[in-house]
Amino acid sequence: MSTLPACPKCNSEFTYEDGGVYICPECAHEWSAQAAASTEPTERVYRDATGTRLQNGDTVTVIKDLKPKGSGGVIKMGTKVKNIRLVDSDHDIDCKIDGFGAMSLKSEFVKKV
């Protein structure tokens, strides 16, 4: 088993080292060994409209009237949303809102309480 990292360009596992440089034989991509060591995945930071960091279980307030697609109602400004769950997608907050049920919100439309 090879302990060398996979190619960051094509994800090939057939990389080899040549004098401090990693080389991919499939796509001919070259990168330094120090760059490969510093490419650790970083944790995504979720922030609300004011820049405050959000975490799972927080309570937030909607800062703008939101009209959900496929629904006849409107989520009014000032609506409190309890116990949010952060997800890695286009709408980064999953929650339940009284009267609307489960839905996804964008963090740019909420403010942490």
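The largest pocket is lined by Leu 66, Lys 67, Pro 68, Ile 75, His 91, Met 103, Ser 104, Leu 105, Lys 106 and Phe 109. A pocket here is an open set of 1 Å grid points over the protein atoms alone, where a 1.4 Å probe fits, with protein on both sides within 12 Å along at least five of seven lines; lining residues have an atom within 4 Å of a point. Its volume is about 220 Å³, taken as the space filled by probe spheres set on the points. Six lining residues are nonpolar, two polar and two charged.

This is a predicted model: local features need pLDDT of at least 70, side-chain atom pairs count only at pLDDT 80 or more, and totals for chains, interfaces and linings use all residues. Residues are numbered from 1 along each chain, and side-chain values use heavy atoms, without hydrogens and water.

The largest nonpolar core (buried nonpolar residues joined through side-chain atoms within 4.5 Å) has 15 residues. Among those touching the most other members are Leu 54, Ile 93 and Leu 105. Strands E4 (60-62), E7 (93-97) and E8 (101-105) each supply at least two core residues; strands are DSSP runs of at least two residues. E7 gives the largest share, three residues.

The model has zero disulfides, a disulfide being two cysteine sulfur atoms within 2.5 Å. The sulfur of Cys 7 is too far from its closest cysteine sulfur for a bond. Both cysteines below are buried (under 20% relative accessible area, 1.4 Å probe, protein chains only).

| Cysteine | Closest cysteine sulfur | Relative accessibility |
|---|---|---|
| Cys 7 | Cys 27, 3.6 Å | 1% |
| Cys 24 | Cys 10, 3.6 Å | 1% |

Technical notes
Buried means under 20% relative accessible area, exposed over 50%, partly exposed in between (1.4 Å probe, protein chains only). Ala, Val, Leu, Ile, Met, Phe, Trp, Tyr, Cys and Pro count as nonpolar, Asp, Glu, Lys and Arg as charged, and the others, Gly among them, as polar. Helices (H or I, at least four residues) and strands (E, at least two) are DSSP runs, numbered from the N terminus.
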